[in-house]
Amino acid sequence: MIEYIISKYNYWMYIVLILIGIYAMMAKSNLMKKLIGMCIFQWAIIFYFMSISAKRDATIPIIGGHGAHTAAVHAVDFVNPLPSVLMLTAIVVGVATTGIALALLIVIYRKYGTFEEDEVIEEIKK
Amino acid sequence: MISEQFPALIVVTPLILSLFIPVVGWWKRKLCLPIVLAALSVCMISAVGLLNMVQQHGVIHYRLGGWAPPWGIEYMVDHLNALVLITISFVAILITIYSKDSVEQEFPEHKIPTFYTLFLLNITGLLGITITADIFNLYVLLEIASFSAYAIIAMGDRGAAFASFRYVIFGTIGACFYLLGVGHLYIVTGSLNMLNLAELLPNLYYSKVVLVGFAFILLGIGIKMAFFPLHTWLPDAYTYAPSAVSALIAPLMTKVGAYAMIRVMFTVFEPNFSIGLFPITSILGWLAAAAILFGSIMALAQKDFKRMLCFVIIAEIGYIVIGIAVANRTGLTGAILHIVNDVFMMACLFSVAGAIIYKTGIRDIYQFRYLHRKMPFTMAILVIGALSVVGVPPLCGFFSKWYLILGAFEAKNWIFVVVLLISTLINAILFFRVIEIAYLEPREPGHAHAHAHNTGNPEGIKREEAPLSMLIPMFIIAAGIILIGVFSGEIIARVIKFAIPATL
């Protein structure tokens with residue numbers, strides 16, 4: 001059992017991070033903490049994608065240098081580049097989300113003077 | 001030939017032009033609206049051209065940058081998304097014209113370029129989601145559409161910023177679950193292209209990874225389309241959004257989510273996987289039935305007209321998912337037809353709500369009294385939209401509901417039939433309440449000589465109709481509701497029949 005857990009530790013890490021993120025988003029009443037939870041959640045997925053591309057004893061996927069055309073290329077020697085590329089996009093998306101959320105928080109704070117969810121809701125109802 | 005480039009043009013034109021709007025708008029504010037219209041006209045022409053080509057030559061595969069799939073990104077157009085593309089670009093053009101006056105009233109002048117940039121970016125995202133055949137590309141475009149929606153909703157008044165923040169949180173959870181599901185499928189197949197996945201996946205259908213990936217993708221799309229237990233962000237966000245924004249986003253965003261759900265369930269996965277291996281269709285069906293009842297009953301409890309329509313949307317999403325969940329040809333025909341119909345019906349009702357707010361500032365249904373004297377044309381359009389949602393023939397809402405009920409009959413699922421009929425009744429109560437308040441004038445029993453009693457005298461109410469730039473798009477949408485209803489047989493025979501997977 002323990003071996004099973006350890007052998008797949010990267011997946012356990014991302015599951016734990018996702019759960020922390022969801023807990024923060026759902027249970028915390030402070031909007032800033034919700035935002036932090038959202039960031040943890042996004043990063044967990046980025047870690048997940050990065051971990052699936054990693055291989056033991058592999059190098060960066062650039063084929064070239066001496067004798068590149070003569071020696072056979074083994075996929076085992078190289079890290080899968082595609083998840084990294086996908087995650088570059090996902091990081092950009094994540095930064096944009098955080099940016100929008102922070103901008104909204106600034107507006108909320110200027111309007112209502114607080115980050116507490118229930119206080120904001122009370123202010124809106126007035 | 002330019003027609004070969006239609007699939008790219010339909011996304012690239014609005015994307016690039018939306019980036020030009022802030023620059024041009026800084027120089028001349030009046031040019032923003034024509035740029036949006038020009039971009040959307042290109043989309044509309046391309047969409048019609050694409051449907052034409054699909055009908056003549058079959059499915060179109062377009063390789064972006066000439067890279068062959070599964071390495072490159074592929075755009076694919078078949079009957080299903082050609083229909084959705086036309087609907088999106090047509091309604092978007094009308095709402096753009098409609099938005100002119102309401103935007104000028106609601107925002108200070110320097111915000112107009114920002115507004116139209118976000119407006120066009122949102123439409124870009126929606127068109128992109130519809131046309132792409134790459135599941136990761138779908139995620140990126142989903143986020144483009146969502147980001148512009150977050151920002152543009154937050155431009156509204158009162159609680160808009162807070163509602164938008166909640167939408168950001170929920171939307172991000174949805175997008176992340178979708179991405180996680182894509183990751184699961186990528187691990188086992190090594191592909192992101194929908195058609196390539198469809199070839200690779202059947203051998204792996206018993207793999208737990210695929211099942212979990214499928215569930216995550218549906219969960220993500222479910223949040224984005226505000227499917228019943230995941231709908232909590234929708235009512236606030238769409239109620240507080242500026243009028244023109246809710247008239248654009250409310251009809252389109254959720255329906256494009258429904259389209260993505262059909263695409264994943266019936267193109268990426270085979271129908272017999274989505275239906276057979278996993279009790280997903282029965283789960284979806286029961287949730288959809290709950291969504292319909294919940295949405296309709298909650299709508300009854302609302303006083304704010306826009307908020308009431310938001311709950312109607314939740315119910316309408318339930319209709320579409322019930323059509324998907326009964327999983328036979330008739331039900332799916334109803335679901336696809338209902339996507340198109342609902343875009344028109346919701347665009348009609350939300351633009352009416354916007355016009356009423358523009359002219360009178362009234363949001364509360366109980367203050368609608370005498371409105372048919374003030375705004376006779378707007379109220380006539382409201383009646384058309386309302387009757388269509390209730391499902392009165394020959395308006396379009398009747399036909400899609402008819403197919404959904406027939407589909408439920410075929411699946412021998414009597415409870416779905418009952419739910420659909422009950423919700424029709426609730427919708428009738430819902431909208432006749434509004435129509436009654438707006439049209440029937442109260443007779444004051446204490447004053448037999450009403451003519452002597454001057455307060456509340458209906459003759460004294462002046463006509464204050466919405467401006468023509470709002471009325472004409474609303475008229476066209478209302479005419480669309482009638483025409484789609486009358487020609488729904490044609491649409492099904494020529495387009496939707498081919499959109500349904502052959503194995504179903």
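Author: Helices here are DSSP runs of H or I with at least four residues and strands are runs of E with at least two, both numbered from the N terminus. The model is a predicted one, in which local features need pLDDT of at least 70 and side-chain atom pairs count only at pLDDT 80 or more, while totals for chains, interfaces and linings use all residues. Residues are numbered from 1 along each chain as its sequence is written, chains are lettered from A and ligands numbered from 1 in the order in which they are written, and side-chain values use heavy atoms, with hydrogens and water left out.

Reader: With those elements in hand, in which loop of chain B should I place Ala327(B)?

Author: Ala327(B) sits in the loop that joins helix 13 to helix 14 (329-360) of chain B, and its phi is near 55°, a positive value in a residue other than glycine. Burial is read from relative accessible area (buried under 20%, exposed over 50%, partly exposed in between, with a 1.4 Å probe and protein chains only); at 14%, Ala327(B) is therefore buried.

Reader: What is the phi of Ala226(B), and is that residue buried or exposed?

Author: Ala226(B), placed in the loop between helix 8 (208-224) and helix 9 (234-240) of chain B, has a positive phi near 60°, again in a residue other than glycine. Because its relative accessible area is 1%, Ala226(B) counts as buried. A further backbone feature belongs to the loop between helix 16 (376-390) and helix 17 (396-410) of chain B, where Pro394(B) is found: the peptide bond from Pro393(B) to Pro394(B) is cis, with omega near 5°.

Reader: How should I read the packing of two helices, and at what angle do helix 10 and helix 13 of chain B pack?

Author: The axes are lines fitted to C-alpha atoms, for helices over the stretch in contact, and the angle between N-to-C directions runs from 0 to 180 degrees. Helix 10 (residues 243-268) and helix 13 (residues 305-326) of chain B pack at about 15°, with axes 11 Å apart. Angles under 35 degrees count as roughly parallel, over 145 as roughly antiparallel, 65 to 115 as roughly perpendicular and the rest as oblique, so helix 10 and helix 13 of chain B are roughly parallel to each other. As for the hand (left-handed if the near helix is turned anticlockwise from the far one by less than a right angle, right-handed if clockwise), helix 10 of chain B crosses helix 13 of chain B in the right-handed sense. The contact (heavy atoms within 4.5 Å) includes Ala258(B), Met261(B) and Ile262(B) from helix 10 of chain B, and Ile313(B), Ile317(B) and Ile320(B) from helix 13 of chain B. By class (Ala, Val, Leu, Ile, Met, Phe, Trp, Tyr, Cys and Pro nonpolar; Asp, Glu, Lys and Arg charged; the others, Gly among them, polar), the residues of this contact are 11 nonpolar, three polar and two charged.

Reader: Which residues make the contact between helix 2 of chain A and helix 6 of chain B?

Author: The axes of helix 2 (residues 9-27) of chain A and helix 6 (residues 160-189) of chain B come within 11 Å and cross at roughly 165°, and the two helices are therefore roughly antiparallel. Their crossing is left-handed. Among the contact residues are Tyr14(A), Ile18(A) and Ile22(A) of helix 2 of chain A, together with Ile173(B), Phe177(B) and His184(B) of helix 6 of chain B. This contact of helix 2 of chain A with helix 6 of chain B has 11 nonpolar, one polar and no charged residues.

Reader: Turning to strands, how many bridges link strand 1 and strand 2 of chain B?

Author: Two strands pair if DSSP finds at least two bridges between them, and strand 1 and strand 2 (residues 74-77) of chain B pair in the antiparallel sense over four. In strand 2 of chain B, Met76(B) is the bridge partner of His61(B) and Val77(B) that of Ile60(B). Strand 1 (residues 60-63) of chain B has Ile60(B) and Tyr62(B) on a covered face, with His61(B) and Arg63(B) on an uncovered one. In strand 2 of chain B, Glu74(B) and Met76(B) point one way and Tyr75(B) and Val77(B) the other, and all are buried.

Reader: Which residues does Met194(B) contact, leaving aside its neighbours within four places in sequence?

Author: Met194(B), in helix 7 (residues 194-200) of chain B, is in contact with Thr132(B), Ala133(B), Asp134(B), Ile135(B), Leu138(B), Arg263(B) and Val268(B). Its relative accessible area is 0%, which means that Met194(B) is buried. By the same kind of reading, Val419(B) of helix 18 (residues 414-439) of chain B touches Ala289(B), Ile292(B) and Leu293(B), not counting residues up to four places away in sequence. The C-alpha atoms of Val419(B) and Ala290(B) are 8.7 Å apart, with their positions 129 residues apart along the chain.
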